[in-house]
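Student: I should like to work through how certain structural descriptions are justified. May we take them one at a time?

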Amino acid sequence: MRKLTLPREEYMTPGHLACQGCGGALAMRLALKALGKKTILSIPACCWSVIDGPFPYSAAGVPLFHAPFETAASTSAGVSAAMKILGKEDVNVVAWAGDGGTFDIGIQAISGAAERGDNILYIVYDNEAYMNTGIQRSSATPYKAWTTTTPYKFPKSRPKKDIIGILAAHKVPYVATATVAYAEDFVKKVKKAAQMKGFRLIQILSPCPPGWKTPPEITIKLARLAVQTGVFPLYEVENGEKYKINIKPKKLKPVIEYLKLQGRFRHLTQKDVEEIQGMVDRKWKLLLAKEEFSKQIENLL
Amino acid sequence: MKRMAIVGNHALSYGALLSRVQVIAAYPITPQTQVVELLSEMCADGTLKAEFVKVESEHSAMAAVMGASASGARAFTATSSQGLALMHEVLHWVTGARLPVVMGNINRAFGPPWSIWTEQTDSLSQRDTGWMQIYAQDNQEVLDSVILAYKVSEQLLLPTMVVLDAFFLSHTSEPVEIPDQEKVDEFLPPYENKYILNPDAPHAFGGLTNPEWYMELRYKIHKAHEEALDLIEKEGREFEKMFGRYYGLVDPYKVDDAETVLVAVSTAASTARHAVDLLREKGKKVGLLRIRVFRPFPYAKIKEILSNARKVIVLDRNLSPGAGGIIASEVRGALANLRNHPPVLSYIMGLGGRDITTKHIMELFEEAEKMEEGKDIIWKGVKL
């Protein structure tokens, strides 16, 4: 039997305002365990603007600055510059944002901060739509998913944006994916990223029961299935070159096992499922190839 | 103390240097670029010990100085026109977060059509963001106003915008006294704010606030502006004791016995001062009221000075289409509650950097002589 390796310390407090089964709330709890007390969060408009609790309450347990929607990276850039000039470089400067604030409205500020190499750990808890405003599609919404702006008759027509690929192309020191079902992998990645300097980003798949139309008690199961089916592989990329897959199932489960549990996919036809299966297979093979290739280029260079 | 011929943009840079700003974030835009070029050099050669975040937009510039100020660092930025408009959302946020950020804004007209020349519509469009606004008339005032802005802002936890005309100040060299660093340090202590992002005393800032408390927070911002009316003058006098130059809310000139008073801001006010002198030589009882601080709006001073006049002329180098001159509208508002207030003639001129000369301003006084009643809008110099 493996020993529990998660830090015992809790920073996030009870009394937060997340929905039952919220992946985003679990994500914060785990991230703070990994980051510890010396952390400053900048949070733009997202579910966490509400989850933290109304004024004057806060569930985060660390200093938190609520920031405008597109400014998680740029506000954090200022916090980071201040920490440097004030000699407080032992503080983890963390931007904590949803997929809308990251993939869509915040991407310019992220690209800027990433290119400059600002000393920020950016964590996106990705619930695959604008959940706080009531489930509208974002560019992180998966292909064929239902949202209120991609109704069943016209589900999302384009695949999810590859945020890891975009950041890897910026040649930042560290980008990784994680999810709440693999808590040890999650904490390990946050700790690893926290020890590095420069711009780092971790994408956390965070199931959202009201948005995905799933019962709250299967959040962990869904997050695990996303990994086991290859829908959301757990991997990391260092310096935009070195790919490493952290959880590699011997054989991927069929995507239908993941999709069939979610109301947002209930309209899918057999053909749709086959198409999605094909896309996932292709993406997984490409990822395996990238990992293999990055091993080879290390020998070449 | 030394004396140098510097452009208005560099006066902003020296103001920031002497204020020992710790974090700068800025994005280039004509006519502001020289401000940040000089600051970049100062940071690079160690003259200024500051972190310079070379952001990818003005929106990010304002967000970065906001994050820095919230973390306890003295923060500075500068922009102009389109850049200021892009910052708009974050300008409101900085005020709501009660952060004493100071910025320079070089007045430049909005596009389209593209224009790089001066006009006050950009900064006046930020009227309701809660930023204090200072309109400088010369480069010495630009430099001094940056130092004064930090002094007042940090006591009240309100941000300040130091505003200057494109080219007429930004790119024009004037002799400027550069105060000694030791004296500035004596006047302006280091930035201290107990409400900062501090892991040893964790707090959340700006969380969801229901109707039960939102209004009280807005009330406190307004109260801080009201306090600023006194504090700006008090610190102005302290500054005068140390540096020999006084800056207040308004800058009246020959108004005591004036029958007609012209109201203006920025470099147009310097030109108007010359026009007043020439008309006084001809025996005309004319005066000038330069508004230096536009927010907080100095209602009491304006009422006190203008209530003695028989006629008021307001020169607006700005336009709120569909309404008219923005400063005229504020001045009329200030006078409205006086029992017998003078008529107000509202002139729109000099938009998009068109020259406003002494001759033009003398014409305004001459025209006013012939008019008995006020006028909501008079366009000066339109060729159509």
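Student: What makes β2(A) and β9(B) a pair of strands in this predicted model?

Tutor: The criterion is at least two bridges between the strands. Strand β2 of chain A, residues 64-66, and β9(B) are joined in the parallel sense over 2 bridges, so the requirement is met. Within this pairing, Leu64(A) stands opposite Ala204(B).

Student: How many residues of each chain are in contact between chain A and chain B?

Tutor: Contact requires C-beta atoms within 7 Å; by that rule 38 residues of chain B touch 41 residues of chain A. On the chain B side, the elements giving two or more residues are β2 (23-25), β3 (51-53), α3 (58-70), α4 (81-96) and β9 (204-205). The most come from α3(B), with 9 residues.

Student: Which classes of residue make up that side of chain B?

Tutor: It has 21 nonpolar, 13 polar and 4 charged residues.

Student: How do you know that the length of α2(B) is close to what is expected of a helix?

Tutor: The expected span is 1.5 Å times one less than the number of residues. Helix α2(B), residues 33-44, has 12 residues, and its span of 16 Å from first C-alpha to last is close to the expected 16 Å.

Student: Why is Leu38(B) called buried?

Tutor: The term applies if 20 or more other C-beta atoms lie within 10 Å of the residue's own. Leu38(B) is listed as buried, as are Gln34(B), Val35(B), Val36(B), Leu39(B) and Met42(B), so each of them reaches that cut-off. The buried residues of α2(B) pack against elements of chain B including β1 (2-7), α1 (8-18) and β4 (75-80).

Student: What follows α2(B)?

Tutor: Gly46(B) follows, with a positive phi near 85 degrees.

Technical notes. Residues numbered from 1 in each chain as written. Chains lettered and ligands numbered in written order. Predicted model: local features only at pLDDT ≥ 70, side-chain atom pairs only at ≥ 80, totals over all residues. Contact = placed C-beta atoms within 7 Å. Helix = DSSP H or I, 4+ residues; strand = E, 2+ residues; numbered from the N terminus. Nonpolar A, V, L, I, M, F, W, Y, C, P; charged D, E, K, R; others polar. Buried ≥ 20, exposed ≤ 12 C-beta atoms within 10 Å, placed from the backbone.
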